[in-house]
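Colleague: I would like a close look at one part of this model, the ligand site. Please take me through it in one go.

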Amino acid sequence: MIPWLTEHYGNPSSLYPTAKRAKSAIEEAREKVAALLGCQPRQVIFTSCGTESNHSAILSALRQTRRRHILTSRTEHSAIMKLCSWLERNGNAVSYAPVEPDGLIKLESLQNLVRQDTAIVSVMWANNETGVLNPINEIAQWCHDQGLLFHTDAVQVPGKIPINLSDIPADFLSISGHKFHAPKGIGALYIREPEKFVPMFFGGSQENGLRAGTEAVAQIVGLGVAAELALEHLEQEASVCAFMRDHFEEELQKKIPTVRINGNRTYRLPNTSNITIPGLNAVQAVQELGEKGLCLSTGSACTSGSGSASHVLTAMGLAENDARASLRISWSAYNTIEETNTALDILTDYIQSKFLNLSTPEATQTPSWTVQSHS
Ligand code: PLP
């Protein structure tokens, strides 16, 4: 990225040589992102983030038609949920399909809620809190057969499982760079039929007229390189993450048998774990464990601090107090098994100190289990 911030800082819309270089760097990055997604470069536009990609897809669909209904699910990221609630307050109708207790969305749940005036169906591919993978192929195919536009928020997917859009009849797919080691502040949107797309931003003719605004060249170059690496190392990185995650879950459950793992265990990203430790104050735990060097979260990073129980876990049927006792843990291929074991030790030590030392108010309330062994 550095040469594009220092030497080749030309504006890609200009005609002098350094500008043309910047323009060709953008096109090279587009090819790399298209290779990651299994689509054509002309079907990819760069955006500022996953949120913008999601908004662009849904708003474009609403502008392409007079239909006013959006069909989505109860476990979407707030980048979809809050857009939908704003749309509901401004003349649109939204239906939220329920999920199964394991977090999966069934096609029948969507079929039950579709309407004559449905403009777009938007269902996330991988859930950001649990890693649960929805049957996107089946949903996209059904939408396609019904003549319905289909968008998937695939922000959590790149670099973790293969994506091949030549096999999935989706109309839009959103990604975000920082989920696969590109910098923050860059995303992309796949558009199956760019000629029908109604842009969210109007102005300059960047991105073939589909997204006005001077391009963030260095970020785009970073996204391209990250896409190339994600594709090249996908299989190896996924298996390394799954190995560490599965080891962590297994060992944690041996030490603390009442720990529950949330979400479908088969249809799940290889790097994500969502656990409930009954009686834990998860918000407090995340802060205190952070001081010990363990970076975990409750729900989504975007809603942490809001104080509300995870809408994803409650949609799966967890009681509010269990949802508030849940942690989300994720691995990258840059983590090691030693770090995983250290994390296990820190977490079990922490749980033991909270619940067995009986030194905190919650310990006296909910010592419903014991730590089996402690390393
Ligand atoms: N969608 C999902 C599933 C996410 O996990 C996130 C971010 O965590 C977003 C959308 C928003 O992406 P961004 O922060 O790039 O706007």
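Which atom of the ligand does a polar side-chain atom of Lys179 lie close to, and at what distance in Å?

Modeller: An oxygen atom: a polar side-chain atom of Lys179 lies 2.7 Å from an oxygen atom of the ligand. Keep in mind that this is a predicted model. The protein covers 90% of the 390 Å² of accessible area that the ligand has on its own.

Two other polar contacts belong beside that one. Asp153 uses its side chain: an N or O atom there is 2.6 Å from a nitrogen atom of the ligand. Gly50 uses its backbone: an N or O atom lies 2.9 Å from an oxygen atom of the ligand.

Now the shell. There are 13 residues around the ligand, and Thr51, Asp153, Gln156, Ser176 and Lys179 come nearest. By class, the shell splits into eight polar, three nonpolar and two charged residues. Helix 3, residues 50–64, supplies the largest share of the shell, with three residues.

Asp153 deserves a second look. It sits in strand 5, which covers residues 149–153. Its relative accessible area is 5%, under the 20% cut-off, so Asp153 counts as buried. That value takes only the protein chains as cover. Leu173 is 20 residues away from Asp153 in sequence, yet the two C-alpha atoms are 5.9 Å apart in space.

Next, the largest pocket. Its space is about 730 Å³. It is lined by 33 residues, and the closest to its centre are Lys160, His178, Lys179, His181 and Ser332. Lys179 thus turns up twice: it is among the residues nearest the ligand, and it is among those closest to the pocket centre. The lining holds 16 nonpolar, 13 polar and four charged residues. Helix 7 gives the most to this lining, eight residues. Helix 7 spans 217–255, and strand 10 spans 326–330; each supplies at least two lining residues.

Strand 10 also holds Ser326. Ser326 has 2% relative accessibility, so it is buried by the under 20% criterion. Its side chain reaches the backbone oxygen of Asp322 at 2.7 Å.

To recap the ligand contacts: Lys179 at 2.7 Å from an oxygen atom, Asp153 at 2.6 Å from a nitrogen atom, and the Gly50 backbone at 2.9 Å from an oxygen atom.

Note on methods:
Residues are numbered from 1 along each chain as its sequence is written. This is a predicted model: local features need pLDDT of at least 70, side-chain atom pairs count only at pLDDT 80 or more; totals for chains, interfaces and linings use all residues. Side-chain values use heavy atoms; hydrogens and water are left out. On a 1 Å grid over the protein atoms alone, a cavity is a set of points where a 1.4 Å probe fits but cannot get out, and a pocket is an open set with protein on both sides within 12 Å along at least five of seven lines; lining residues have an atom within 4 Å of a point. Grid points are joined across faces, edges and corners, and a volume is the space filled by probe spheres set on the points. Helices (H or I, at least four residues) and strands (E, at least two) are DSSP runs, numbered from the N terminus. Ala, Val, Leu, Ile, Met, Phe, Trp, Tyr, Cys and Pro count as nonpolar, Asp, Glu, Lys and Arg as charged, and the others, Gly among them, as polar. A residue is near a molecule or strand if one of its heavy atoms lies within 4 Å of it. A polar contact is a pair of N or O atoms within 3.5 Å; within protein, one must be able to donate a hydrogen and the other to accept it, and residues adjacent in sequence count only if both atoms are side-chain atoms. Accessible areas come from the Shrake-Rupley method with a 1.4 Å probe; for residues, only the protein chains shown count as cover. Buried means under 20% relative accessible area, exposed over 50%, partly exposed in between (1.4 Å probe, protein chains only).
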